[in-house]
Amino acid sequence: MELKSYRATTMHEALAMVRHDLGPDAAVLHTREVQSRWFFGLVNGPRQIEVTASCGVNVPSRLPARNTYEEERGSDDKVVLRHDGPHALSPAPSRPQPELHGAMQNQLTELQTMVQELCRRSDAPCHDLPEELFQLFTDLLDSDLSEELAREMVERVRTKTKGLHLDDLLMVKARLARMIESEVRVSGPIQITPGRCRLVALVGPTGVGKTTTIAKLAANYHLKEKHRVGLITVDTYRIAAVEQLRTYADIIDLPMQVVSTPREMREAVGRMENLDMILLDTAGRSPKDEVRIQELRAFLTEADADEVHLVLSSVASARVLEQTAERFAAVGTTSLILTKLDEATGLGNILPLVRTSRLPLSYLTNGQNVPDDIEVAESMRVARLILGMEG
Ligand SMILES: Nc1nc2c(ncn2[C@@H]2O[C@H](COP(=O)(O)OP(=O)(O)OP(=O)(O)O)[C@@H](O)[C@H]2O)c(=O)[nH]1
Ligand SMILES: [Mg+2]
């Protein structure tokens, strides 16, 4: 059996090298942090991650696995795990036969002991993660969590589960999901109060799905819940933007008004104040365009909006999401809508935003279909999406 070692500055890069060189079936046997040396070993270089892997060992790969477990909550609020089929390793062309499994496990354990011994001989610190935590770590990286955040999450689980035997990755993930759940604030759906018109505006960068989300909300509140809904758009910048909303208004059979100046806004709202809800569509704004953001603010001030939902695409990077939320705070945002969940490869990128934002999450959208592809955001669902436990 051939063992190969790969070094890179991040775990992500090292795993990519393993995949590239040995293929997706490669088994990662060990990982550690090493000190690189420059100039014939005289000078310390940057610290690196070393991954030892082999494609000649027929054991379940420590590269991220997908699973078919389902988590349920028992009445005593304990997490119960149900196994609905074979534990699908990703990919799993050949599962070891049960009789071979013991022998291979011994071989793997021996191998790990050897590599750990080698680690101890060098003065580099060793990463001694148990199997489940290691796999959690690589899964988190695969879910688009930054390496730093993945480490933090693994350490939190490790601390919380000290002394407990961790023998099931899904149990470990379920615990982490409960931790993340407590950090995800949600607002619940828009509440309609009888006899009072609720004005809800959607704002955000260009093309994130504001108009489509307005159509989904309007159709659900009007067609399914039978509320009286009106639409106003201030998007007179983009050609066809008005027509896009008008098409939805015609199909759903809703009154609609177009507003071009902040002054017209008050009159338009006045004409619809006998309705249960007004949904206000706005033009997409670059978060970097301070002038346009201030202009948007002037419209919203005239509208006296009850709720201002910031719409963000979940495909954006963690940094962009946080920066955009910061910039749009100037218009008085009150909650967050995350769109295009169906397009995201992983949702770890939304974790920094949902943890640090002062805004609760209101809705999630996961497709282009009006009115179906929208759901009210729930903390546990968001936590599980972040951990790649649900699609
Ligand atoms: N895959 C996917 N596409 C979506 C989703 N929501 C909206 N879209 C698509 O994204 C594109 C832009 O949607 P719009 O609703 O026009 O976006 P917008 O934010 O109003 O755009 P501007 O008004 O130009 O700023 C359209 O093709 C939508 O069908 C979603 O949840 N998933
Ligand atoms: Mg639009």
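**Helix α8, an open sheet and a ligand shell**

Let's start with helix α8: the face turned away from its buried side carries exposed residues, namely Arg 263, Glu 267 and Gly 270. The model you're looking at is a predicted one. Its protein chain has 391 residues, and buried residues make up 36% of them. In terms of secondary structure, the chain comes to 12 helices and 13 strands.

**The other side of α8**

- Helix α8 runs over residues 262-272, and its buried residues are Met 265, Ala 268 and Val 269.
- These three sit on the same side of α8 because they cover an arc of only 100° around the axis.
- So what covers them? The cover over the buried residues of α8 includes four strands, β6 (198-203), β7, β8 and β9, and also a helix, α9 (290-303).

**The sheet**

- Picture 8 strands lined up as an open sheet, in the order β8-β7-β9-β6-β10-β11-β12-β13, with mixed pairing.
- At the edges you'll find β8 (256-258) and β13 (374-376), each of which pairs on one side only.
- Neighbouring strands in this sheet are turned against each other by 20° on average, if you ignore direction.
- For a look at one pair, take β10 (residues 307-313) and β11 (residues 335-339): they run parallel and are joined by 5 bridges.
- Which residue of β11 stands opposite Leu 310? That's Leu 336.
- Another helix, α7 (residues 241-252), lies across β7 (229-233), β8 and β9 (277-281). Helix α7 runs at about 170° to β7.

**Around ligand 1**

- There are 20 residues around ligand 1, and those that come nearest are Gly 209, Lys 210, Thr 211, Thr 212 and Gly 284.
- Which helix gives the most to this shell? It's α6 (residues 210-224), with 3 residues.
- Sorted by class, the shell holds 11 polar, 7 charged and 2 nonpolar residues.

**Backbone oddities**

- As a rule, most residues other than glycine have a negative phi, and most peptide bonds are trans.
- One spot to check is the bond between Val 370 and Pro 371: this peptide bond is cis, with omega about 5°. You'll find Pro 371 in the loop between β12 (361-365) and β13, and β13 is one of the two edge strands of the sheet.
- Lys 226 isn't a glycine, yet its phi is positive, near 65°. Look for Lys 226 in the loop between α6 and β7.
- Is Lys 226 buried or exposed? Lys 226 counts as exposed because it has 9 C-beta neighbours inside 10 Å, and the cut-off for exposed is 12 or fewer.
- Asp 253 is another residue other than glycine with a positive phi, this one near 70°. Asp 253 is in the loop between α7 and β8.
- Asp 253 has 9 C-beta neighbours inside 10 Å, so it counts as exposed.

**Contacts along the chain**

- Here's a last figure for the chain as a whole: take the contacts between residues at least 6 apart in sequence, and 74% of them join residues at least 24 apart.

Note on methods: Residues numbered from 1 in each chain as written. Chains lettered and ligands numbered in written order. Predicted model: local features only at pLDDT ≥ 70, side-chain atom pairs only at ≥ 80, totals over all residues. Near = placed C-beta within 6 Å. Nonpolar A, V, L, I, M, F, W, Y, C, P; charged D, E, K, R; others polar. Pairing = 2+ DSSP bridges. Axes fitted to C-alpha atoms, helices over the stretch in contact; angles between N-to-C directions. Contact = placed C-beta atoms within 7 Å. Buried ≥ 20, exposed ≤ 12 C-beta atoms within 10 Å, placed from the backbone. Arc of directions from axis to C-beta.
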